[in-house]
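Let's take a walk through a protein chain together. Have a look at the sequence and the fold first, then read on.

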Amino acid sequence: NNNKDTVLFINGDSHTAHYIYFLKELDDVDIYVDMWPTYSTKINYKNIKNAEKKYKNLMFLTNVQNSIELNRIKQFVNKTKNSFPIILFNSTPTTNRNKPYRCLVRRMNCGEDKKIIFDKTMNNDLLILSKNNNNVYLFDSFNILCPKNECSIYDKNKDLILLRDQSHLT
């Protein structure tokens, strides 16, 4: 604790970990990372309570990749009763596991149809959750990463590969 009043409590799996590098650049907050394996269904409330005791302000951040994680977050929102801000990232794009490297090696543009890989139902549920709870905020990471109808996996002109495998950012 560098005498900061606020902690950003980052909770999640490898999809949440994508954003830690950038979030560490925030000057006015401490970062606490509580990662769990994908098979876990628990949020560590003890660690959150300890952070609440140590800091004046707590902000909770996680990524929601599927309906299981969405249900977990809905339960979390209900259990915590608007006691601190909850920031949700709405998943990362997905593709065939080998496609990114195949496109990179062949130096050919590759992408995925956004209509196929974007889960509109889950995104709408996240929007509703954020609208119905004044402490829940949705950061639309998916549409920032894939702003067009085709989600670029590898861009030949920029020599830019977005994913390193099926669903992890480079």
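## The whole chain

How much of the chain is tucked away? Buried residues make up 46% of the 170 residues in this chain. Keep in mind as you look around that you're viewing a predicted model.

If you count up the regular pieces, you'll get eight helices and eight strands. The radius of gyration is 17 Å, close to the 15 Å the globule rule gives for 170 residues, so the chain is as compact as a globular protein of that length. Along its principal axes, the C-alpha trace spans about 55 × 35 × 25 Å.

## Contacts, surface and charge

Now for who touches whom. Take the contacts with a separation of 6 or more: 73% of them are between residues 24 or more positions apart.

On the outside, the accessible surface comes to about 10,100 Å², and carbon and sulfur atoms hold 49% of that. The chain also carries 25 positive and 18 negative charges, and the mean positions of the two groups are 4 Å apart.

## Strand β3 and its partners

Strands of a sheet pair through backbone hydrogen bonds, either parallel or antiparallel. Let's see some parallel pairing here.

Strand β3 covers residues 57-63, and five of its seven residues are buried, so it is largely enclosed by the rest of the structure. One of its partners is β1 (residues 6-12), which pairs with β3 in the parallel sense over five bridges. To spot this pairing, find Phe9, which stands opposite Phe60 in β3.

β3 also pairs with β4 (residues 86-89), again in the parallel sense, this time over four bridges. Here you can look for Thr62, which stands opposite Leu88 in β4.

## An open antiparallel sheet

Three strands make up an open sheet in the order β5-β7-β8, with antiparallel pairing. Which strands sit at the edges of this sheet? They are β5 (110-113) and β8 (160-161), each of which pairs on one side only.

Zoom in on β5 and β7 (residues 150-155): these two run antiparallel and are joined by four bridges. As an example, Cys110 has Tyr154 in β7 as its bridge partner.

## A lysine in a loop

Last stop: Lys24, in the loop between α2 (20-23) and β2 (29-35). Is Lys24 buried or exposed? It has a relative accessible area of 56%, and exposed means over 50%, so Lys24 is exposed.

Lys24 and Leu8 are 16 residues apart in sequence, and their C-alpha atoms are 9.5 Å apart in space.

Methods: Residues are numbered from 1 along each chain as its sequence is written. This is a predicted model: local features need pLDDT of at least 70, side-chain atom pairs count only at pLDDT 80 or more; totals for chains, interfaces and linings use all residues. Side-chain values use heavy atoms; hydrogens and water are left out. The radius of gyration is taken over C-alpha atoms; the globule rule is 2.2 Å times the number of residues to the power 0.38. Buried means under 20% relative accessible area, exposed over 50%, partly exposed in between (1.4 Å probe, protein chains only). Contact means heavy atoms within 4.5 Å. Accessible areas come from the Shrake-Rupley method with a 1.4 Å probe; for residues, only the protein chains shown count as cover. Lys and Arg count as positive and Asp and Glu as negative; His and the chain ends are not counted. The place of a charge is taken as NZ of Lys, CZ of Arg, CG of Asp or CD of Glu. Two strands pair if DSSP finds at least two bridges between them.
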